[in-house]
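Reader: I have a protein model to read. Could you walk me through its features?

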Amino acid sequence: MTILNSWVTSANHADCPFPLNNLPYGVFSVDDGPRRLGVAIGDRILDVASIADALPVNADVLTDPRGWNGVMELGQADWAALRAALTAFLTDGAMPRPDVLVPQVGATMHLPFTVSEFTDFYASKNHATNVGTMFRGAQNALPPNWLHIPIGYNGRASSVVVSGTDIRRPWGQLKSPADDAPRWAPSRRFDIELELGAVIGQSSQGPISLDQADANIFGYVLLNDWSARDIQAWEYQPLGPFQAKATATSISPWIVTAAALAPFRCDTPPREVELLPHLRDTGPMLFDIDLEVTMNDHTIVKTNYNTMYYSAAQQFAHHTTSGCPMRVGDMIGTGTISGPEKHERGSLLELSWGGEDPIALPDGQTRSFIEDGDTLTLHGAAQGEGYLIGFGECTGTLLPALDDPFGN
């Protein structure tokens, strides 16, 4: 597929992340006004409620205070009809309506949907191998179940914040192997995890097939699972991450629809162990999406989502096998996305190998983990023939820990 031209001329450039081929969904406000549902096109935002008469959905869902949840609840046929109508409205040759557009510059972005539940996974073989090697040695890097099921944990929907929200360094209980007892202190090994978040657009009750899970994914966002590695190291046995992952989870402000990403589908890597039938690949379920992380505007990671061992659809399908109800607005974190090379590692824990090999920054400084004042930004785009499908930035700046909240 080549670029589709729009009467919004800024959308027609090869390096624009929001061409007519994309049309991602967000929530915005201007000058402290009300929150409104919008579609990114070029350097503008289309106010969808202002063209409700031209769209094939009930106008009420276009003013849903939850964000895009109401549209998601309509189902796949309505998703496709809405996308077709938006494309027709914005296509080159249609009647231009600049009065229904607002500049992206100056608009405030909000969470694009209300997050019902949040589950995060551990689905990159490269990431799992790196972390396992650091903590258990190369011979025991992967847990025995890892090649058979996607491993995950239930996170906090309340932790999810939109890109641009500052993050506060957390306090926690820390204990290194050299310590005789745990101590109460701010985390010193605060980290990021480069991920995608799959936004669930349809409810389900009981096990669903892999193909149905794939069809029920409305779209994807960039996701940063901020992680306090020292808190995690002390707390994670036997039930896994808890407070180490509860500080914040940042997502990009635009939901890139599964439909926009469809031309970029690709296969998961070859299986070392055949998966059980409910997880067995039925076709290409990953996407070729280039990903990058910058620290203080300096690139520290370049990788691709196509390196993942398990797709979001496999994670979603597996999540339902126990009868677990899945709801509109649930979000599934893919887990850290890491490729085989050092520059492809999606966390500072891996990049610095647990602090033993700090990364160098252009100003002569080094980092093993995030320092106060550092700004971490995730970027992502699928490269088409003369166009990009971009996500917008997912960024956050780390603020110092508060004074001891218990006055110790």
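Reader: Which two side chains meet in a salt bridge at 3.5 Å?

Author: This is a predicted model. In it, the side chains of R44 and D43 meet in a salt bridge, N to O. R44 is partly exposed, with a relative accessible area of 30%. D43 is partly exposed as well, at 41%.

Reader: How many salt bridges does the count come to?

Author: The count is 19. K125 and E272 form one, at 2.8 Å from N to O. K125 lies in helix 3 and E272 in the loop between strand 18 and strand 19, so the pair ties together parts that are 147 residues apart in sequence.

Reader: Is R229 buried or exposed?

Author: Buried means under 20% relative accessible area. R229 has 8%, so R229 is buried. Its side chain meets that of D191 in a salt bridge of 2.9 Å, N to O. D191 sits in strand 12 and R229 in helix 5, 38 residues apart. D191 is buried too, with a relative accessible area of 0%. Salt bridges with shared partners join D191, E193, D225, R229 and K245 into one network.

Reader: Now the empty space. What is the volume of the largest pocket?

Author: Rolling a probe the size of a water molecule over the atoms shows where empty space is left. The largest pocket has a volume of about 570 Å³. Of its 24 lining residues, the closest to the centre are Y122, V131, Q232, Y236 and P241. By class, the lining has twelve nonpolar, six polar and six charged residues.

Reader: Which helix gives the most to that lining of the largest pocket?

Author: Helix 3, with four residues. For the second largest pocket, helix 5 gives the most, also four residues.

Definitions and conventions. Residues numbered from 1 in each chain as written. Predicted model: local features only at pLDDT ≥ 70, side-chain atom pairs only at ≥ 80, totals over all residues. Heavy atoms only, no water. 1 Å grid on protein atoms, 1.4 Å probe; cavity = no way out; pocket = protein on both sides within 12 Å on 5 of 7 lines; lining within 4 Å. Points joined across faces, edges and corners; volume = space filled by probe spheres on them. Helix = DSSP H or I, 4+ residues; strand = E, 2+ residues; numbered from the N terminus. Nonpolar A, V, L, I, M, F, W, Y, C, P; charged D, E, K, R; others polar. Salt bridge = Lys/Arg side-chain N within 4 Å of Asp/Glu carboxyl O. Buried < 20%, exposed > 50% of the residue type's maximum accessible area, 1.4 Å probe, protein only.
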